[in-house]
Amino acid sequence: MYESWLGGQMGRRRDCAACARHAEGAEAAALRQDERALEIWAPVLEGDLLCDHQPQGVLGACLLVLLRRDELDRAVHAHEYGYRLARRKPAFRGAIGEHLEFCALTGNEHRGLELLAEHADWLTEPAPGIAAQAEFLTGASVLLARLAALGHAELPVPMPPSPGAHVPGGEELTVSVLRGFVDAELDSLAARIARAEAEEGVAPGYTARLHIRRLRQPALGRLPLPVRSTLREPAGAAPPYAEPAAAHLEVPGTGDLYALSDTLFQAGELDEVEPALQQVIERSMAAGAPWYAARAEMNLSRLVSDSHQAVRLARAAVMDCVDARLRGPAALTLATALWELDGREAEAVAPALEAAEIYTAEDRGAEAALARLRAADALAFTGRRRASVGLYQRSFAELDDESFWDPEEYGATLARHQMQYIRALLALGAEDEGLAVLERLRARLEHWPDDTILFEMTVGAAYALRDAELPGPAADAFLRAARLAGQDPERLLVRIRCLRSAAWLEFRAGRDDGTDLMDEAGTALVRRLEGEPDVSRRDALRLELAETHFQRAELTAEADPVLAEQDAAAALSGMRRVLGSGARARAEAEGTEDLLGLYGRIADCALLLGRIEIARYGATGRAERRLRELVAELEAAAPEGFADLVKTLTEQADRFAREEER
């Protein structure tokens, strides 16, 4: 195995089980079998298998694997812990190189420069083996190339007074000067290793490995690593992405497969395209040409249903991509994958903005604007609304032509972005501007032959207006959405919720008592129940009908307590019927969260009914008994998640008892 030979060149023992794990895992990682690599390394990473060279070596080797797999917290921990173990120890020179590379690819170039300066004497000091020195210099080369690409070529590099005979010292040492020295030394070492491989009968490997590592691209989005000092940065923005000097070599035997996978992807033949894309990736890795897999990784990311896998594939595409034409789409694919992963929305900003910059440099204005809109959505979602509004305004100004709003092209996407823009404006208190943008959006969508997007946007606008505490416009929007839903069975539940929301807004605004809208919702549900044969769908309809009874009881409790009592009793009966028709068994099989939610709503019905009864009859006994029976039922069910609900109901039953005593 090549990695075992390389380890021997670094001074590691070939008969060591821990070092063997290091080498075997590295072979798997080189083939992009990342999960298998981590499984092989697990005994070392978990501390069960150690030696003089491990876990330091594995902690360095696993960094980019963890990064590609989107296990960012583990990657940061491996870097911080692994660097502490390997720091200033010549035997771990190769691992330090991997830490330098990790810093370069995670937006921590200045931390990497600090680490390089701390080990500057290694640039010329003899190493345990030429491969160890080559590994260290490779990390330094990747770091310095990244700094130069960011416009920091003239950044002074802090070095010891006498860094070595061939390294210039003092003030004149810059990133550019040091990079030239490192690359020259690295090319010389690579040639020596190639000769050693030939002499020992080992298949050539290091030159290809060096080529691949020099082509790796940053992962987009900075990982938070500590920096001890503040290094002077040059003024001015970093230059746009430039394609590295990379060989766009096709992998033998994959040209037709690549063309086929692209054809299938464009045609939407998703069942057939996934295996073809996987084969492109596997063959590219086996041939030592990961850059050839980037487009397949990007397309596969867009197809998979698992959001975490989509992020991993998109990040791999970004890191493997050396084709300038592909860099923008790969960055935007990563941004979209992060946006769709709950809790990771903020991380979508950096890749979306990079995609916008790349598209702008390529004079692809519409695509640049769409990428900025993705960044704006992420900024708005994470509370940075003022920053998002600027991006929205710039982008929509560039996309105002009606040709961009074709429903068969960008129209639906632009409508969804514009709804986020409206939400941001309303949240910032810019109500007039938000309503004006909403009106322009509605006018555009009303002319579309299909009202699907208009319905979706009208519902979204209703909730946005309600959240902005604009009850009149919100009620009107909910009613428009209910009308658009019509008798479409697929829109029924949304229609019901819109009618109920409009009822409450009309009631609170004093424009209507809301009961007619609640009646309309209930009638629609009853009619649908009469013709619904599916049991699970009937349960969902019954639950919505019970919820409608409950909300009408709340709405009319003061004005018409007789009707409210009837509705509250119907709500409690309906929810219990759903509980007894199999909902309990399904919830217990799938988890207690849904069951807890249903019991919580049953408790709400019981409390409301009890209060109405007490207000009407003045007696608390029936209300107290109902709550205590529910508590006993919950305690018999015994799930831990019911404890808070049991406590709340017990306290309320005790209050009812005390009122009875008085």
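This section describes the fold of the protein, one helix pair, two buried helix residues and several backbone features. The model is predicted.

The protein has 30 helices and 0 strands. It contains 662 residues, and 52% of them count as buried. Contacts between residues with a separation of 6 or more were examined by their distance along the sequence. Residues 24 or more positions apart account for 65% of these contacts. The protein exposes about 30300 Å² of surface. Carbon and sulfur atoms supply 49% of that area.

One helix pair was examined in detail. Helix H19 spans residues 385–398, and helix H20 spans residues 411–427. Their axes come within 10 Å. They cross at roughly 140 degrees. H19 is therefore oblique to H20, as only angles over 145 degrees count as roughly antiparallel. The crossing of H19 past H20 is left-handed. On the H19 side, the contact is made by Arg-385, Ser-388, Val-389, Tyr-392, Gln-393 and Phe-396. H20 contributes Leu-414, His-417, Gln-418, Gln-420, Tyr-421, Ala-424, Leu-425 and Ala-427. By class, the residues of this contact divide into 8 nonpolar, 5 polar and 1 charged.

Leu-414 belongs to helix H20 and takes part in the contact with H19. Its relative accessibility is 0%. Leu-414 therefore counts as buried, the limit being under 20%. Beyond residues up to four places away in sequence, Leu-414 touches Leu-370, Leu-373, Phe-396, Leu-399, Phe-404 and Trp-405. Among these, Phe-396 is one of the H19 residues in the helix contact. Leu-373 is 41 residues from Leu-414 in sequence. In space, the two C-alpha atoms are 8.6 Å apart.

A second buried residue is polar. Gln-652 is placed in helix H30, which covers residues 643–661. Its relative accessible area is 9%. Gln-652 is therefore buried, since this value is under 20%. With residues up to four places away in sequence not counted, Gln-652 touches Leu-607, Arg-611 and Leu-627.

Backbone geometry was considered next. A cis peptide bond joins Gln-54 and Pro-55. Its omega is about 20 degrees. Pro-55 lies in the loop between helix H3 (34–45) and helix H4 (56–61).

Positive phi values were found at Arg-32 and at Glu-469. Arg-32 has a phi of about 65 degrees, although it is not a glycine. The loop between helix H2 (17–30) and H3 holds Arg-32. H3 is thus flanked by both loops described here: the Arg-32 loop lies between H2 and H3, and the Pro-55 loop lies between H3 and H4. Arg-32 has 17% relative accessibility and so counts as buried, being under 20%.

Glu-469 has a phi of about 60 degrees, and it too is not a glycine. The residue sits in the loop between helix H22 (452–467) and helix H23 (471–485). Its relative accessibility is 67%. Glu-469 therefore counts as exposed, the limit being over 50%. Of these two loop residues with positive phi, Arg-32 is buried, whereas Glu-469 is exposed.

Note on methods: Residues numbered from 1 in each chain as written. Predicted model: local features only at pLDDT ≥ 70, side-chain atom pairs only at ≥ 80, totals over all residues. Heavy atoms only, no water. Axes fitted to C-alpha atoms, helices over the stretch in contact; angles between N-to-C directions. Helix = DSSP H or I, 4+ residues; strand = E, 2+ residues; numbered from the N terminus. Parallel < 35°, antiparallel > 145°, perpendicular 65-115°, else oblique. Left-handed = near helix turned anticlockwise from the far one by under 90°. Contact = heavy atoms within 4.5 Å. Nonpolar A, V, L, I, M, F, W, Y, C, P; charged D, E, K, R; others polar. Buried < 20%, exposed > 50% of the residue type's maximum accessible area, 1.4 Å probe, protein only. Areas by Shrake-Rupley, 256 points an atom, 1.4 Å probe, with all protein chains shown as cover.
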